[in-house]
Amino acid sequence: MAQEELRKEETLAMRNRLIGQSCKLFYSEDPVKIVRARGQYLFDENGKRYLDCISNVQHVGHCHPAITKAAAAQMDVLNTNSRFLHDNIVLYADRLAATLPQKLCVFYFVNSGSEANDLALRLARQYTQHEDVVVLDHAYHGHLMSLIDISPYKFRKLAGQKEWVHVAPLPDTYRGIYREDHPNPGQAYADTVKDLIEDVHKKGRKISAFFAESLPSVGGQIILPQGYFPKVAEYVHSAGGVFVADEVQTGFGRVGHHFWAFQLQGDDFCPDIVTMGKPMGNGHPLACVATTAEIAGAFTANGVEYFNTFGGTPVSCAVGLAVLDVIVEEDLRGNAVRVGAHLKDLLTKLKARHEIIGDVRGVGLFLGIELVIDREKKTPATEAEDQICVSTDGPWENVLKFKPPMCFGMENAELVVQCIDRILTVTSNWKRKTSKVCQTCRKHFNCIRQSQVVTFIIFRGRD
Ligand SMILES: Cc1ncc(COP(=O)(O)O)c(C=O)c1O
């Protein structure tokens with residue numbers, strides 16, 4: 001394969017020359033060159049193995065043989081666009097429908113989470129005939145211009161907030177405006193959306209949609225308080241808007257007991273639109289919008305065809321079907337429940353030993369550790385994050401995030417906790433020595449990579 005033929009330095013030089021520099025590499029100081037992967041492991045060009053704690057895209061495991069087989073078999077027979085009648089797209093839509101509340105019964109297949117959210121915005125606007133959108137603070141919903149506009153995490157660094165976008169507080173009960181000690185944080189945070197909608201109405205504007213990740217990941221692996229979504233949906237509906245749940249990161253059983261993370265908000269809660277992506281195709285570009293017959297009907301009524309060249313091809317849908325099969329056959333949701341609980345338990349024990357761990361939170365294999373300098377004041381420990389170099393998120397990028405392939409095992413959970421324990425110990429020693437340089441690699445504090453055969457992958461930034 002081409003990438004194995006080039007020396008790492010050559011690959012890097014070519015990349016610097018040929019690829020836009022805003023497409024960042026993980027660990028730009030000393031990039032990792034991954035040449036193959038299997039299950040929850042990545043291998044570099046020297047055969048060194050890395051434990052992958054964050055690839056939520058390779059949901060059932062990297063290069064799962066059943067997925068490869070399904071893709072290759074269909075690729076060998078037919079891969080047209082979805083304007084030809086074909087079984088795969090309808091069989092796949094039917095299988096997805098079985099995972100969702102009955103109301104969500106119409107599907108549009110697209111290629112990325114961004115496309116799914118862009119289409120959701122179009123559907124919402126077409127159905128409601130309103131323009132404005134309420135989003136959660138620190139949210140990220142994709143890289144298209146329409147989605148930069150509704151992603152405070154991005155627009156704050158760019159053109160700023162559009163007049164049709166309204167930002168509600170992130171319902172973070174660890175450090176938000178209402179915390180664990182509040183008698184009903186779900187209601188209190190929902191009321192902030194109600195107030196926001198009233199302000200919008202006072203300006204003579206109207207709400208088309210409320211967009212939220214079912215568990216805000218870029219916001220810092222936040223677990224939303226109970227009752228929040230149902231109450232928000234009530235307020236949004238009475239304003240004539242629709243509720244969009246972005247499940248691009250959280251869907252497909254990651255949370256274990258439920259197939260969709262919005263289901264954590266109660267069996268009766270049902271969004272009007274659900275967007276999905278990353279884990280759907282296990283790395284194949286497959287994404288989708290699920291909605292109600294009424295919303296889809298309004299979209300059809302505008303008389304304009306919706307055509308997406310690569311969305312829902314026979315190969316994409318064969319891959320999607322195979323992913324659903326593996327989730328069931330390998331009981332990956334059960335695994336997420338068991339391994340996620342074990343990992344959370346170990347991390348919680350670690351909290352007792354390391355002052356820097358302010359909070360351990362999560363559900364299934366969607367976990368976050370929030371690092372703080374001071375537990376009382378909850379001052380984000382952003383310095384420590386630099387030394388540790390694990391995957392981070394949150395407004396201050398001080399939340400270590402875990403969303404590994406769903407085949408992550410008990411022994412992987414134990415190894416991760418040992419690694420974190422060791423790094424945090426090294427970090428506190430480092431602080432005492434006030435040395436800025438790692439004693440082993442003389443460069444930085446991810447020297448843990450050099451010191452062991454298996455280490456956890458240390459991506460920095462979002463994926
Ligand atoms: C919550 C969420 N929504 C949407 C997207 C956009 O998905 P994609 O990168 O597939 O366009 C992302 C990507 O990180 C995401 O995290």
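**Ligand shell, surface patch and salt bridges**

A polar side-chain atom of S114 sits just 2.5 Å from an oxygen atom of the ligand. That distance, like everything else here, comes from a predicted model. The protein wraps up a good share of the ligand: 88% of the 390 Å² of accessible area that the ligand has on its own is covered. Two further pairs involve oxygen atoms of the ligand. On the backbone side, an N or O atom of G113 lies 2.9 Å from a ligand oxygen. On the side-chain side, an N or O atom of K278 is 2.9 Å from an oxygen atom of the ligand.

Stepping back to the whole shell, there are 14 residues around the ligand, and the ones that come nearest are G113, S114, D246, Q249 and K278. By residue class, the shell splits into 8 polar, 4 charged and 2 nonpolar members. As for secondary structure, helix α5, which spans residues 113–128, gives the most to this shell, chipping in 3 residues.

Away from the ligand, the surface has a nonpolar patch of about 320 Å², put together by L6, M14, L18 and I19. Of these, M14 belongs to helix α2 (residues 8–18). M14 has a relative accessible area of 33%, so it counts as partly exposed, and the cut-off for joining a patch is over 30%.

Turning to charged pairs, the search across the whole structure turns up 18 salt bridges. One of them pairs E10 with R7, with the closest N and O atoms 3.6 Å apart. E10 is partly exposed, because its relative accessible area is 32%.

Another salt bridge joins the side chains of D345 and K349, at 3.1 Å from N to O. Both residues sit in helix α12 (residues 332–353), and because they are 4 residues apart, about one helical turn separates them. Their accessibilities fall into two classes: D345 is partly exposed at 35% relative accessibility, while K349, with a relative accessible area of 51%, is exposed.

A buried pair rounds out the picture. The side chains of R361 and E370 meet in a salt bridge with an N to O distance of 2.7 Å, and R361 and E370 are both buried. This pair doesn't stand alone, either: R361 and E370 are linked with R175 and D359 in a network of salt bridges.

Key
Residues numbered from 1 in each chain as written. Predicted model: local features only at pLDDT ≥ 70, side-chain atom pairs only at ≥ 80, totals over all residues. Heavy atoms only, no water. Near = heavy atom within 4 Å. Polar contact = N/O pair within 3.5 Å; in protein donor to acceptor, adjacent residues only side chain to side chain. Areas by Shrake-Rupley, 256 points an atom, 1.4 Å probe, with all protein chains shown as cover. Helix = DSSP H or I, 4+ residues; strand = E, 2+ residues; numbered from the N terminus. Nonpolar A, V, L, I, M, F, W, Y, C, P; charged D, E, K, R; others polar. Patch = residues over 30% accessible without salt bridge, like charges linked within 9 Å, V, L, I, M, F, W, Y side chains within 5 Å. Salt bridge = Lys/Arg side-chain N within 4 Å of Asp/Glu carboxyl O. Buried < 20%, exposed > 50% of the residue type's maximum accessible area, 1.4 Å probe, protein only.
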